[in-house]
Amino acid sequence: MKGQILVIAIIFLAVVMVLSASLFQRVAGFLRFGANTTLREQATVAAEAGVERALWQLNQTAGGYSGETNTAIGSTATFTVTITNKASSLKTITSTGYIPDGTNPKAKRTIKVDALISAESISFRYAVQVGTGGITMSNSATVNGSVYSNKPDGATKSIQGYNSSVITGDAWAVGTISTPDPWVQGVKHENQPASQMPTIDYQYWKDTAAAGGTTDCSVTPTACNLSGLGSATIGPQKYLGNLTISNSRIVTMQGPVYVTGNFSISNSAQLNLDNSFGSAGTVLIVDGTINVSNTGLFNPTNANPKGYILVVSTSTAPNAVAISNQGATAVFYALEGGAQLANTAQVSALVANTLTMQNSATLNYDSGLASAQFSSGPGGSWQIKKGTYRFTSGP
């Protein structure tokens with residue numbers, strides 16, 4: 001009997017030991033799992049620290065930062081960052097965090113994000129879009145693209161054409177469209193609701209330009225009168241007074257420009273957007289009027305798609321924008337004022353309260369302007385592109 005009890009006790013003890021061993025194994029596994037999870041979280045934090053460091057360095061070096069290796073975070077972690085250029089204003093940041101270091105890591109996590117220069121998206125969905133002042137076209141004026149006029153019929157129609165004027169795309173009007181001119185090669189859409197006009201944050205661009213410094217034209221007039229053979233660069237900059245570019249001067253725009261007076265470009269002078277902008281553009285904003293004459297030119301970047309200069313007048317004058325004698329491959333905006341195009345003037349898109357076109361003036365719409373980006377330039381503020389944060393590896 002005593003022997004049977006001993007056997008039963010031994011079996012019971014063996015079962016308890018087996019169960020205990022299994023429990024201890026599970027507890028040890030749980031502790032290891034918890035420790036590994038903690039290490040992975042620590043490695044993730046280290047990788048995120050690398051991303052933050054990369055953004056800070058990109059902004060400090062105007063995009064010149066190329067990465068770093070085994071940067072220590074105290075004595076418990078390191079990170080390594082590499083930068084891949086995808087475009088002039090778009091980079092991929094790859095950051096790997098290591099616990100405790102990259103030589104003998106117990107855990108590592110890699111994060112990839114795309115970084116781009118902060119930009120304003122502005123949709124120019126039509127070659128011409130005007131407010132309540134309407135469109136008047138005459139003397140072989142041509143719009144290569146579609147137009148939208150918010151003017152109701154009055155003394156003139158919403159879109160009034162004369163003398164062989166042409167619209168190659170569709171024509172949309174709150175009122176009606178004259179006939180037979182302009183010749184609308186697309187579809188006429190009359191008696192439509194008013195369209196929503198593209199909006200621009202004037203103050204943002206003024207402030208961004210002024211962040212590059214201010215030039216008082218009354219104190220240094222030569223800095224505001226760029227004339228004669230040779231080249232120059234402008235932007236980001238604020239000009240107190242009038243800014244003039246003339247007489248074959250070639251000027252490269254490297255950031256936004258704000259002019260408190262009037263702006264004019266004439267006599268074969270050129271204002272070129274720096275190719276470092278790639279497919280993004282930037283803004284020339286003027287409180288007064290804009291005058292382009294005698295083969296004064298605006299030129300976009302050579303990227304595909306192009307980056308354009310957005311030329312903005314906040315003036316309410318009927319000649320807020322006046323372009324004649326060849327012209328400008330740029331986008332013009334005078335929402336409160338009028339635009340006048342004449343004598344083979346050429347632009348890429350235009351928004352104004354009213355538009356008058358005559359003497360073979362032409363608008364050649366670029367379809368890429370339907371979702372255009374305008375930025376302060378490669379030296380501007382770098383930020384993470386939404387939707388690009390991703391893990392690429394783990395322990």
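Helices here are DSSP runs of H or I with at least four residues, and strands are runs of E with at least two, numbered from the N terminus.

**Figure 1. The whole chain, with its two helices and 34 strands.** Welcome to a predicted model, shown here in full before we move in on the details. Of the 395 residues in the chain, 46% are buried. Contacts between residues at least 6 apart in sequence include many that span further: 51% of them join residues at least 24 apart. The chain has an accessible surface of about 18,100 Å², and carbon and sulfur atoms account for 54% of that area.

**Figure 2. A close-up of the disulfide between cysteine 217 and cysteine 224.** One disulfide turns up when the whole structure is searched, and here it is. A disulfide is a covalent bond between the sulfur atoms of two cysteines. In this one, the S to S distance is 2.1 Å. Have a look at the twist of the link too: the angle about the S-S bond is -85°, making the link left-handed. Are the two partners buried or exposed? Cysteine 217 counts as buried because its relative accessibility is 11%, under the 20% limit. Cysteine 224 is also buried, with a relative accessible area of 3%.

**Figure 3. Serine 315 in the loop between β26 and β27.** The loop that holds serine 315 runs between β26 (309-313) and β27 (321-324). Although it sits in a loop, serine 315 counts as buried, because its relative accessibility is 11%. Which residues does serine 315 touch, leaving out those up to four places away in sequence? They are Asp287, Gly288, Thr289, Ala320, Glu336 and Gly337. Take glutamate 336 from that group: 21 residues separate it from serine 315 in sequence, while their C-alpha atoms are 6.3 Å apart in space. Within the loop's own stretch of chain, a polar atom of the serine 315 side chain lies 3.0 Å from the backbone nitrogen of alanine 317.

**Figure 4. Threonine 142 in strand β7.** Our last stop is strand β7, which covers residues 142-144 and includes threonine 142. Threonine 142 has a relative accessible area of 18% and is therefore buried, the cut-off being under 20%. On the polar side of the picture, its side chain has a polar atom 3.3 Å from the backbone oxygen of serine 140. Neighbours within four places in sequence aside, threonine 142 is in contact with Met137, Val166, Met357, Ala361, Thr362 and Leu363.

Definitions and conventions:
Residues are numbered from 1 along each chain as its sequence is written. This is a predicted model: local features need pLDDT of at least 70, side-chain atom pairs count only at pLDDT 80 or more; totals for chains, interfaces and linings use all residues. Side-chain values use heavy atoms; hydrogens and water are left out. Buried means under 20% relative accessible area, exposed over 50%, partly exposed in between (1.4 Å probe, protein chains only). Contact means heavy atoms within 4.5 Å. A polar contact is a pair of N or O atoms within 3.5 Å; within protein, one must be able to donate a hydrogen and the other to accept it, and residues adjacent in sequence count only if both atoms are side-chain atoms. Accessible areas come from the Shrake-Rupley method with a 1.4 Å probe; for residues, only the protein chains shown count as cover. A disulfide is a pair of cysteine sulfur atoms within 2.5 Å.
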